[in-house]
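Okay, everyone, thanks for coming. Let me put the structure up and walk you through a few backbone spots.

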Amino acid sequence: MSSSERTDVLVIGSGFGGAIAAYHLAAGGAKVVVLERGPWLKADEFEHDFLLGSSYTRIFDFVVGDGMSLLGGNCVGGGSVVYFAAMPRAPRFVFERRGGIGRRMWPAAITRDTLDPWYDVVTDALPITKQDWKDVSFAGGLFAAACDHAGRTANPVPVAVDNTKCTNCNWMMAGCRFDAKRSLLLNYLPGALAHGAEIRPLHEVQRLERTDDGGYRVHYNVVDEVDYREQVGHGVIEAKIVVLAAGAGATPVILKRSEPDLGPMPYAVGRYFSGNGERLNTAVINEEKAAELLGLDRGDGRAYAANQIGKGPVVASWDNLDGNLPEYHRYSLEQLYFPPGFGTILAQVPDAAGPSWFGVEKKDLVRQWQSWLTVFTMIEDDNEGVFGPPPPTGNATRISQQMLGAGPLSYRPTPNTLRAWDETDAVVKSILERDGLARVMPWTNDLVGAYTVHPLASCRIGDDPATSALDDGHELRGHPGIFVTDGSAVPGALTVNPALTISALAERAIPGIVRAAQQRGIKVGYGAPGPGAGDNGRRTVLPLAAKRLHG
């Protein structure tokens, strides 16, 4: 099957950056088509199972690179379907970071103050709520108690979760079958559909080329719904505006593959990649010590033994998110549930006499998995990642029929990054091993390299054309009419979960995209109410949007 057609706006990807763009442009009157590489699953199709062919393997993309592996969403709704819905705002100091380039990474126009109104918009739309301690899971409560015992503070994390619907099943990574997690399937995407946008799953964009009238021709393959290595069709769509939101692991690959047709890409396309400085440590809790030291009691004679009960990150320690500290010494610690399907593979046995990945000691470790507690750390890294030549199709060479691929990313952590990881490892041990509470098992990089669930910065915004692929309006330098609104646009590590910042930046970019569309003859406006119940934030940004709309 082959097809060729036209639309006003083509959006590539349906995660936070793509869904927000699709909603506003469709609501403003543009004809919008969204191409999504992954399948489209509904709530009752999200399964509590790790088996091949379950929702778990269908909606994830795990790409192994050279020194860094990426885990992300591969479905309609993108990362919002598989994320843990933790939605903190980036600390103020993040926007002043200098990083490896030795000068401010972010555009001068963007600070925490200027981004706050756009944060408010997303907070209304999803919506995002502040959790109370009564909403915290057993694992979160244990981490908070351990922090207190070690002299640190801990706080509930703001989340996009409806706690009246949440069953604490801890299967959030496989999609929420109860519609408790506020993914994009519940707000921006249905809003886009209501305004006439078309969403096409299993459509994998390969490359772009320029048309004679200054628009773009987008080439795609149709992917088999069972075996993602197989193509069952292809086609071409012409659009006046293209919004790239395929994710930080795929957007630069599409652009680099398009270079022979589009012409030279900015130097920063496929460079300065950040894994958001992420690292994991898992501890085996001594149940007797948890009762003795922390005073914990579930009421049934157990102090903890509840790793599998609850939801994703619900408690974080932010003591080191202090702008007075030097760069690379600022980080967050977050309790995290990581399913045993991954955890049992990647967690190493501490101080093992034999192999740390398998054997008798590993078997004994796995037997205690209900007493595990995983801590997720997010540091300031050095944007070390670089993408090499793209694979023949897609963002990776597919190894299995679903989920697993080998990608073109190379990552070599600098001494700054390594020191920051070492510092957070030591702090995690000091909290959880105090007075014999637990034994900490670091997830080292020996097996799959470093890893991230929040890839960023591979096509970042900035003021300096030498170190940024996009201007502060998210338009690709040298290629008018192409915009990037996903995590690849974020300049660097945020020290917190990035979904809310990605969304706020996408919201901020929309008025400029609308203006570019109008200049290309598209009849589109800006100002539709948000897709959520609250709209106070939307009213606040209308004057800001007017300035961007009119230059």
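So, let's start with Ala457: with a relative accessible area of 0%, Ala457 counts as buried, since the cut-off is under 20%. Keep in mind that this is a predicted model. Ala457 sits in the loop between strand 18 (450-452) and strand 19 (482-484). What is phi for Ala457? Near 75°, so to speak on the positive side, and Ala457 isn't a glycine. For background, most residues other than glycine have a negative phi.

His474 is in the loop between strand 18 and strand 19 too. Phi of His474 is positive, about 75°, and again we're not looking at a glycine. Buried or exposed, then, for His474? Buried, with a relative accessible area of 1%.

Next, a peptide bond. Going from Leu126 to Pro127, the bond is cis, and omega is near -15°. As a reminder, most peptide bonds are trans. You'll find Pro127 in the loop between helix 4 (112-125) and helix 5 (138-149).

Last stop, helix 1, residues 16-27. Quick sanity check on the geometry: at 1.5 Å a residue, its twelve residues should span 16 Å, and the end C-alpha atoms are indeed 16 Å apart, so the two agree. Eleven of those twelve residues are buried, which means the helix is largely enclosed by the rest of the structure. The buried ones include Phe16, Ile20, Tyr23, His24 and Leu25. After helix 1 comes Gly29, and phi there is positive, near 110°.

Okay, over to you for questions.

Methods: Residues are numbered from 1 along each chain as its sequence is written. This is a predicted model: local features need pLDDT of at least 70, side-chain atom pairs count only at pLDDT 80 or more; totals for chains, interfaces and linings use all residues. Side-chain values use heavy atoms; hydrogens and water are left out. Helices (H or I, at least four residues) and strands (E, at least two) are DSSP runs, numbered from the N terminus. The expected span of a helix is 1.5 Å times one less than its number of residues. Buried means under 20% relative accessible area, exposed over 50%, partly exposed in between (1.4 Å probe, protein chains only).
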